[in-house]
Amino acid sequence: MNLADMLTFADIGQLNRIADYYQCECKPNSKHELIQSILTTLGSRPFFEQQVRQLNQADQRFLNNLLFDPRQYYGMEELIAIARQSMDKKESEAGASPRDLIVRFNKSGWLFNGTTQQTRYLYQVPQDLKLRFRDVLSTHLRAGITQTTEPPMYRDEYHLLADDLKLFLQYVQQHEIALNAEGMMYRRSQQQIMEHLHISEELVGKGGWRFGYGRSFKDYPDRFALLYDYTFHHRLVREEQGTLKLSPAGEDKLGAEKTAEMIQLFRFWLRLYKGAIPNLSSIVYWTGECAQEWSTAESLFRKIGPFIQPFYYDTAEAIYDNRIIKMMLHLGMVRIGEHEEGRTIQMTAWGTRLAASCRSISGDITPIMFDK
């Protein structure tokens, strides 16, 4: 339902609360006049843009999470969970409450109760407001991006991740790979595999923390950990009796079409990292909106970074640089170059296509849970 429909179903008390919030001048006892005044006020794009600009970071995150959640209705507990996820530690310690966010959105006419007996205790966001918020947020974010000319050299990995998936499966097929007591490949095998792939990575050293980004993230470098978890989750390889074996499904995968594989790898990455970065799909979407041209990494993080919450020892900036942009490079979604203004990033045509899909797939992305 759109805003006008929800205002029609709202009682006069809520209409007055919304009108008071926006300081509308109208008769408080005339439902028709209240509705028309609210619609006129919110129908002004400059006013609407001003409302978005005035949001604090918790409000922005809450709004962003609602925009990319495809559910039509929310129970109060679901809304509280989304609001709590939108607040950082400092905001919580300062006494801010998830319910405060919900009350503000309700007073502003961005959240309404359902209109039927079955949905009266549920909440919903007007569909036309979702579209307008996304449009205004896009304009707001893009306005703060620093664009550059094309750098003299840049890195673009195209579909090499799908190629390396097949190379890894071929290696498993052709070699006997021993696993240690923890189920990890020995470093010698890892190094040989790295030399076999198009994109090599440094092996994981001792010390430091590594968790939250997949089953094998603690043992293997980032890109290879994604590949390994993908093959394990889809049962393309088997860990049995201290060795790594190719499964019949893995043999079939050797002939898979590259583009379809890259789409599946992208979807898997969103699911794998969602536990640590709950709103990952929206971050990918906004990066796609803001980096159509060569843009400085610093300005991209300055505008998109506030949507990212730290994850244990990973700061928001480290998450954006290492867990999102670097992985988007491996997925062929961005190219990265060095410019006199610093590191620069541009979406590829392939990346733009995948990022745009995040508008509709975000609610279909559930975190990966591995069987031990």
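**Entry 1: a yardstick**

I start with a cut-off: a residue is buried under 20% relative accessible area, exposed over 50%, and partly exposed in between. E78 has 35% relative accessibility, so I file E78 as partly exposed. One caution for my own benefit: this is a predicted model.

**Entry 2: the whole chain**

I looked up the overall numbers next. The chain has 372 residues, and 53% of these count as buried. Its C-alpha atoms fill a box of roughly 80 × 50 × 40 Å along the principal axes. I find 18 helices and nine strands.

How much area does the chain expose? The figure is about 17900 Å², with carbon and sulfur atoms supplying 49% of it. I also checked how far along the sequence the contacts reach. Taking contacts between residues at least 6 apart in sequence, 65% join residues at least 24 apart.

**Entry 3: salt bridges**

The structure holds 21 salt bridges, and I followed a few of them.

My opening pick was D59 with R104, whose side chains meet at 2.8 Å, N to O. D59 sits in helix α5 (residues 57–67) and R104 in helix α8 (residues 98–107), so this pair ties together parts 45 residues apart in sequence. Are the two partners buried or exposed? D59 has 7% relative accessibility, which makes D59 buried, whereas R104, at 33%, is partly exposed.

Then I went back to E78. Its side chain meets that of R71 in a salt bridge of 3.2 Å, N to O. R71 has a relative accessible area of 33%, so R71 is partly exposed, and E78 is partly exposed as well, at 35%.

My next stop was D222, which forms a salt bridge with R210; the closest N and O atoms are 2.8 Å apart. D222 belongs to helix α12 (residues 222–233), while R210 is in the loop between α11 (187–196) and α12, so the bridge ties together parts 12 residues apart in sequence. D222 counts as buried because its relative accessibility is 7%. R210, with a relative accessible area of 23%, falls in the partly exposed class. Which residues share a network with this pair? Salt bridges with shared partners join R210 and D222 to D314, R323 and K326 in one network.

**Entry 4: the nonpolar core**

I turned to the inside. The largest nonpolar core has 119 residues. Which of them have the most contacts inside it? They are F266, W269, V284 and I324.

I chose F266 for a closer look. Setting aside neighbours within four places in sequence, F266 is in contact with V284, L331, M333, L354, S357, C358 and I361. I was pleased to meet V284 again, since V284 is also among the core residues with the most contacts.

**Entry 5: helix α9**

Helix α9 takes in residues 127–142, which is 16 residues. I compared its span with the expected one: α9 reaches 23 Å from its first C-alpha to its last, close to the 22 Å expected at 1.5 Å a residue.

Which residues of α9 are buried? I list L129, K130, F133, R134, V136, L137, S138 and L141. I noted with interest that K130 and R134 are on that list.

What covers these buried residues? The cover includes α1 (3–9), α4 (45–53), α5, α15 (280–290), α16 (297–304) and α18 (349–361). I had already met α5 as the helix that holds D59.

**Entry 6: a four-stranded sheet**

I finished with the strands. An open sheet of four strands runs in the order β3-β8-β9-β7, with antiparallel pairing. The edge strands are β3 (154–155) and β7, each pairing on one side only.

I walked across the sheet from β3. β3 and β8 pair in the antiparallel sense over two bridges, and Y154 has G337 in β8 as its bridge partner.

β8 (residues 334–339) then pairs with β9 in the antiparallel sense over six bridges. E338 has R343 in β9 as its bridge partner. How many residues lie in the hairpin that joins β8 to β9? The hairpin passes through two residues.

The last step takes me to β7 (residues 295–296), which two bridges join to β9 (residues 342–347), again antiparallel. Here T296 stands opposite T344 in β9.

Terms used
Residues are numbered from 1 along each chain as its sequence is written. This is a predicted model: local features need pLDDT of at least 70, side-chain atom pairs count only at pLDDT 80 or more; totals for chains, interfaces and linings use all residues. Side-chain values use heavy atoms; hydrogens and water are left out. A salt bridge is a side-chain nitrogen of Lys or Arg within 4 Å of a carboxyl oxygen of Asp or Glu. Buried means under 20% relative accessible area, exposed over 50%, partly exposed in between (1.4 Å probe, protein chains only). A nonpolar core is a set of buried Ala, Val, Leu, Ile, Met, Phe, Trp, Tyr and Cys residues joined through side-chain atoms within 4.5 Å. Contact means heavy atoms within 4.5 Å. The expected span of a helix is 1.5 Å times one less than its number of residues. Accessible areas come from the Shrake-Rupley method with a 1.4 Å probe; for residues, only the protein chains shown count as cover. Two strands pair if DSSP finds at least two bridges between them.
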